[in-house]
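Work through the exercises below with the sequence and the 3D view side by side. Try each task before you read its solution.

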Amino acid sequence: MMSSHYATIARKTTLAVSVAIFALAVLGAFSTGFFPAFAQQPAIKPPAAAAPPDDGQWTMPAKNYASTRYSELDEINEGNVGKLQVAFTFSTGVNRGHEAAPLVVGNTMYIVTPYPNILFALDLTKPGAPMKWRYEPRPEPASQGVACCDLVNRGAAFANGRIFFNTLDGHTIAVDAASGQPVWNTKIGNINIGETITMAPLVVKDKVLVGNSGGELGVRGWVKALDANDGHVVWTAYGTGPDSDVLIGPEFKPFYDGDKGTDLGVASWPPSAWQIGGGNMWGWISYDPELDLIYHGTGNPGPWNPDLRPGDNKWTAGIFARNPDTGAARWFYQWTPHDLHDYDGINEQILLDMQWKGEPRKVLVRPDRNGYLYVLDRTTGEVLSAKPFAPVNSSKGVDLESGRLIENPEKQTGTGKVVRDICPASPGAKDWQPSAFSPRTGLLYIPHNNLCMDSEGIEVNYIAGTPYVGMNVRMKAGPGGHRGEFTAWDIANEKPVWKIDENFPAWSGALVTAGDVVFYGTMEGWFKAVSAKTGKLLWQFRTSSGIIGQPIAYRGPDGHEYVAILSGVGGWSGAIVAGDLDPRDATAALGFVNAMKDLKDVTNTGGTLYVFRLP
Amino acid sequence: MSSGYLEKMAASIRAMSAGFARSLMAGALVTAFVSVATAAQARELRVCADPNNLPFSNERGEGFENRIVDIVAKELGADVSYVWWAQRRGFVRNTLKAGLCDLIPGAPAALEMLRTTVPYYRSSYVFVTREGEPGISSFDDPRLRDLKIGVQLIGDDGANSPPVAALARRGIGAHLKGFPVYGDYSTPDPQSEIIEAVASRDIDVAIVWGPLAGFFASRQPVKLRVAPVSPLIDKPVVPMLYDISMGVRRDEKALSGELDAALKKHRQEIDAVLAEFHVPRLDTGNAASP
């Protein structure tokens with residue numbers, strides 16, 4: 001669920017933990033003095049099987065199973081990126097938030113739009129990349145009223161001659177990549193109970209992996225594996241409930257004692273509350289072919305007031321390692337037990353092999369919504385490191401002995417209680433927007449938020465003829481007054497190297513290339529290229545709308561490097577523009593509008609693809 | 001008529017289920033043309049309402065809000081035209097505030113995003129139990145800890161209904177069952193399930209908003225008891241009772257005044273409609289039990 005809870009918690013502004021780091025780090029766009037000697041560091045690399053040599057295509061949103069979003073192309077580099085120019089553009093004709101990554105397979109580019117989830121194929125061999133075909137799945141219009149936070153789609157995936165993507169109304173569809181003809185279409189979600197699908201699928205071997213959204217409506221979360229050949233559901237792993245539903249069996253060996261026991265997905269809830277407990281999965285999945293494990297997070301618990309669901313509420317707001325063939329769980333770790341703040345645990349995880357305290361480790365790096373940059377051993381689920389990458393006062397750190405998040409009880413909200421300056425706000429220190437990793441710098445490039453919130457009493461609301469009171473939540477800029485940041489994080493040394501302040505939340509994905517250039521977009525509509533080493537702004541281009549999409553790099557049919565991004569503001573953060581919300585209503589979009597009042601002054605809706613190249 | 005207008009008309013139907021959308025598309029567009037054609041002759045009262053939300057409203061005009069709109073429109077000398085839109089998140093923003101209509105027939109008097117008329121009824125959350133079994137009338141009744149309780153799931157960003165807050169404060173949550181407030185919109189009476197669950201013994205007590213409790217309780221095969229909750233304000237801040245008004249755009253002061261006068265003038269007729277629908281009232285004292 002992407003939204004905050006009735007008794008969302010507010011905690012005391014003891015920023016001490018993170019402020020020290022920030023005082024050092026927030027020095028503006030380029031703090032070259034902190035540029036580490038990259039060459040002297042032992043290499044940090046994605047496992048080769050999860051990140052094969054770059055063939056110039058971009059066949060899944062995360063680039064590869066390790067989810068590095070790193071391109072080995074280096075024609076565009078720090079020296080020449082300033083000369084980038086538009087190669088071609090394409091209007092999607094859709095005015096909602098465009099969060100998807102374009103795909104490039106062979107000589108064709110594929111784009112999936114927000115609702116109504118149109119799939120376009122563009123011919124890259126012809127001048128201007130004209131449309132080859134479009135496929136319109138025509139999702140049920142009612143799904144628009146069910147989706148919580150704009151009508152986004154985070155992208156498609158290519159495998160074995162087919163494009164796989166999900167629709168808002170809960171279908172997974174396979175389309176022939178050459179002809180645009182549908183091959184199969186499986187309905188796996190039911191909008192009548194509040195299920196929608198917004199995530200990009202991941203194809204592993206012969207399985208298409210998909211999860212659902214809808215925790216705020218009491219939808220029980222799941223991940224399903226569909227047979228890539230015919231679309232039938234092979235396995236379903238729930239995020240709550242008995243072990244048999246969660247696919248916990250003899251293979252399950254969690255690292256921490258708190259995750260060991262029978263049917264904890266039932267026992268850590270009041271009776272039957274797990275049945276509508278959330279734990280949805282609408283974010284990112286990674287895959288390690290050597291260990292043969294997929295990794296996916298789980299969303300926050302729902303839908304009740306936290307007081308009504310005492311316990312850790314397993315298996316919500318955590319991460320699973322699973323066998324992709326059977327779904328059987330291998331380990332689990334809970335980022336945020338008994339979540340109070342809507343800190344879904346579904347962000348991306350980057351798979352890397354590195355030296356950790358002198359030992360070679362297979363790790364998983366996760367910048368989580370709760371504000372910590374986690375390094376986990378991906379074979380066991382052990383937490384090696386958890387350091388705040390943004391201002392955090394809702395918790396006081398992570399106990400590395402027990403692995404447990406240390407809650408800060410001082411700011412607990414209650415109905416009608418006024419609590420100010422809870423950091424991070426409900427969208428977290430970082431929401432869905434995926435980061436990128438460069439093996440050349442050892443840095444993780446994280447687009448994220450700098451948002452806190454006040455909980456100020458209650459307000460009357462009304463739905464389906466039923467009045468009720470909701471918590472009056474207002475989000476606002478965090479320390480420093482800016483609402484977004486772009487952080488380069490030194491994974492080995494557990495600290496930021498440079499940071500760029502952004503006026504609005506940095507809600508786009510990141511891309512880093514072998515040319516040592518990092519690309520990301522801003523909600524004003526700037527598409528930016530910065531130095532991977534220093535964060536220095538090298539080039540920027542003002543697109544027609546705010547950017548919340550995921551940039552990619554590919555090699556065109558002419559052998560040259562291209563960079564592509566979808567522009568088109570929206571998403572939860574951009575709902576004020578995409579949903580035309582009233583800026584005077586501070587609590588709209590669950591209080592996000594209060595933090596985004598001025599977005600309407602700087603951008604407008606409209607989905608457009610931009611593709612850039614050197615002259 | 002601009003294409004933009006048509007687009008909005010089509011948009012007004014989007015939020016509904018596909019089946020509804022198909023059957024209504026033609027009708028809605030016809031209505032739009034007719035209303036423009038006759039604008040010069042008769043006053044038009046454009047109303048935004050849910051096409052499938054009894055007892056409040058439906059597309060056949062069978063809800064009490066439909067009936068009260070007719071009473072008020074007659075007083076204003078206006079013809080009623082409806083824009084049907086499922087009452088979900090964004091309802092007010094996408095309908096009234098987008099200019100598709102001028103009136104929303106039911107809204108809490110305290111709803112800040114609207115200008116509201118004088119209230120035309122006051123109801124509360126109620127306990128619904130089976131007749132012949134010990135009734136529940138207070139959140140402090142110790143039996144609530146053992147009974148299977150049905151509550152409405154709001155589905156608005158994790159917000160819970162006032163009774164859920166009251167139960168949570170008392171640590172009563174072990175036997176709670178949530179029924180989405182939207183219900184199963186593919187069925188004719190989406191909100192009836194929670195009341196049917198009491199009749200069928202799936203749950204022991206439902207704690208729901210009065211008007212839909214009164215209406216659906218009256219239609220069950222077994223007799224049900226409907227009793228206002230107590231306390232009516234769960235201190236310090238959670239109200240269980242609400243005044244319900246009509247809503248117009250905030251700058252529509254004149255229309256609001258006309259509606260006030262019409263609601264006052266036809267008070268008795270309106271009361272009769274509400275009684276016919278078994279709306280539990282706190283403003284007149286006739287808390288109806290079927």
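A residue is buried if 20 or more other C-beta atoms lie within 10 Å of its own, exposed if 12 or fewer, and partly exposed in between, with C-beta atoms placed from the backbone. A nonpolar core is a set of buried Ala, Val, Leu, Ile, Met, Phe, Trp, Tyr and Cys residues joined through C-beta atoms within 7 Å. This is a predicted model: local features need pLDDT of at least 70, side-chain atom pairs count only at pLDDT 80 or more, and totals for chains, interfaces and linings use all residues. Residues are numbered from 1 along each chain as its sequence is written, and chains are lettered from A in the order in which they are written.

**Exercise 1.** Find how many residues the largest nonpolar core has, and which strand gives the most to it.

Solution. Step one: the count is 270 residues. Step two: strand β28 (residues 451-463) of chain A gives the most, with 6 residues. Strands are DSSP runs (E, at least two residues), numbered from the N terminus.

**Exercise 2.** Is A:Val86 buried or exposed?

Solution. Locate A:Val86 in strand β2 (residues 85-91) of chain A. Count the other C-beta atoms within 10 Å: there are 11, so A:Val86 is exposed. Now look for contacts (C-beta atoms, placed from the backbone, within 7 Å). Leaving out residues up to four places away in sequence, A:Val86 touches A:Tyr610 and A:Phe612.

**Exercise 3.** State how many residues each chain brings to the contact between chains A and B.

Solution. Chain A brings 48 residues and chain B brings 56. On the side of chain A, β28(A) gives the most, with 6 residues.

Key
Helices (H or I, at least four residues) and strands (E, at least two) are DSSP runs, numbered from the N terminus. Two residues are in contact if their C-beta atoms, placed from the backbone, lie within 7 Å.
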